[in-house]
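Could you take me round this model in the viewer, stop by stop? I would like to know what to select next and what I will find there.

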Amino acid sequence: MSASPPPIVLASTSWTRQTILKNAGVPFEAVASGVDEEAAKAGLLAEEVTPRDVADALAEMKAVKVSHRRPGLVIGSDQTLELKGRLFDKVDTLEAARARLLELRGEIHKLHSGVVVARDGQPIWRIVETAKLSVRPFSEAWLDGYLERNGEQILSSVGCYMLEGEGLQMFDRIDGDYFTILGLPMTGLLDFLRLHGALQA
């Protein structure tokens with residue numbers, strides 16, 4: 001008699017990440033990580049950790065913390081936005097979003113998406129994928145219309161755009177995996193879950 005597959009836990013209540021896993025047919029339970037991300041990020045930046053490694057470290061913190069209280073394979077993930085070596089955080093208002101998008105206009109920025117899987121309180125697999133996005137020199141009139149049409153939903157994205165929607169119009173070049181841009185690189189993760197018997201091979 002074959003062993004039952006290990007449960008899969010997502011250490012996040014992110015609607016986007018939950019939707020990605022659901023659409024991929026992955027059975028999982030979503031659990032808030034309880035990690036104070038702002039404090040953790042501030043500590044990492046004080047140690048001059050790179051934006052890429054911040055994403056990796058935060059993903060590990062989330063996975064490990066939930067793994068101490070949930071059995072099975074716990075998926076932690078985090079995404080950072082880097083422009084000219086600087087890490088950008090999410091903004092809280094549409095006014096700040098407008099300023100953020102004007103700063104990104106005409107520039108190339110990076111999105112680093114880290115995923116760590118933990119079991120029994122220990123990280124056992126990790127990956128960090130990076131996408132490079134070139135923002136076209138859009139007009140302020142277009143930007144004002146974009147903000148009016150899309151409203152506060154764009155505040156859920158660190159870049160204040162949703163690539164799966166009208167935000168796609170901001171770019172003139174995108175180099176990178178679609179799921180990396182959404183914040184949860186999937187192909188390597190699915191391979192790992194199959195290898196560990198959580199998904200059917």
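Begin by selecting Asp175, which is partly exposed because its relative accessibility is 34%. This is a predicted model, so treat each stop as a view of a prediction. Now add Arg173: at 53% relative accessibility, this residue counts as exposed. The two side chains meet in a salt bridge, with N and O 2.9 Å apart.

Next, pick Glu37, Lys62 and Asp78 together. Salt bridges with shared partners join these three into one network. In total, the structure holds 14 salt bridges, and two others deserve a visit.

**Arg126 and Glu60**

Select Arg126 and Glu60 and show their side chains. They form a salt bridge with an N to O distance of 2.4 Å. Arg126 belongs to strand E6 (residues 122-135) and Glu60 to helix H3 (residues 51-67), so the bridge ties together parts that lie 66 residues apart in sequence. Both ends can be inspected from outside in a surface view: Arg126 is partly exposed at 37% relative accessibility, and Glu60 is partly exposed at 26%.

**Lys41 and Asp89**

Move on to Lys41 and Asp89. Their closest N and O atoms are 2.7 Å apart, in another salt bridge. This pair also links distant parts of the chain: Lys41 sits in helix H2, while Asp89 is in the loop between strand E4 (86-88) and helix H4 (94-104), 48 residues away. Is Lys41 buried or exposed? Lys41 is buried, with a relative accessible area of 9%, whereas Asp89 is partly exposed at 28%.

**The largest pocket**

Now select Ser14, Arg17, Gln79, Lys90 and Ser156. Among the 31 residues that line the largest pocket, these five lie nearest its centre. The pocket's volume is about 750 Å³. To see which elements give two or more residues to the lining, colour helix H1 (15-23), helix H2 (37-46), strand E3 (73-83) and helix H6 (178-182). If you then colour the lining by residue class, you should find 12 nonpolar, 10 polar and 9 charged residues.

**Two backbone stops**

Most residues other than glycine have a negative phi. With that in mind, select Lys84, a non-glycine residue whose phi is positive, at about 55°. Lys84 is in the loop between E3 and E4, and counts as exposed at 67% relative accessibility.

Then jump to Cys160, which is not a glycine either and has a positive phi of about 60°. Look for Cys160 in the loop between helix H5 (140-150) and strand E7 (171-175). With a relative accessibility of 0%, Cys160 counts as buried, so hide the surface before you look for this residue.

**Zooming out**

Finally, clear the selection and show the whole chain as a cartoon. How many helices and strands are there? The chain has 7 helices and 7 strands, and in sequence order they run β-α-β-α-α-β-β-α-β-β-α-β-α-α. Along its principal axes, the C-alpha trace spans about 65 × 35 × 25 Å. The radius of gyration is 18 Å, which agrees with the value near 17 Å for a compact globule of 201 residues.

For a last colouring, try burial: 49% of the 201 residues count as buried. If you draw the contacts with a separation of 6 or more, 68% of them come from residues 24 or more positions apart.

Definitions and conventions
Residues are numbered from 1 along each chain as its sequence is written. This is a predicted model: local features need pLDDT of at least 70, side-chain atom pairs count only at pLDDT 80 or more; totals for chains, interfaces and linings use all residues. Side-chain values use heavy atoms; hydrogens and water are left out. On a 1 Å grid over the protein atoms alone, a cavity is a set of points where a 1.4 Å probe fits but cannot get out, and a pocket is an open set with protein on both sides within 12 Å along at least five of seven lines; lining residues have an atom within 4 Å of a point. Grid points are joined across faces, edges and corners, and a volume is the space filled by probe spheres set on the points. Helices (H or I, at least four residues) and strands (E, at least two) are DSSP runs, numbered from the N terminus. Ala, Val, Leu, Ile, Met, Phe, Trp, Tyr, Cys and Pro count as nonpolar, Asp, Glu, Lys and Arg as charged, and the others, Gly among them, as polar. A salt bridge is a side-chain nitrogen of Lys or Arg within 4 Å of a carboxyl oxygen of Asp or Glu. Buried means under 20% relative accessible area, exposed over 50%, partly exposed in between (1.4 Å probe, protein chains only). The radius of gyration is taken over C-alpha atoms; the globule rule is 2.2 Å times the number of residues to the power 0.38. Contact means heavy atoms within 4.5 Å.
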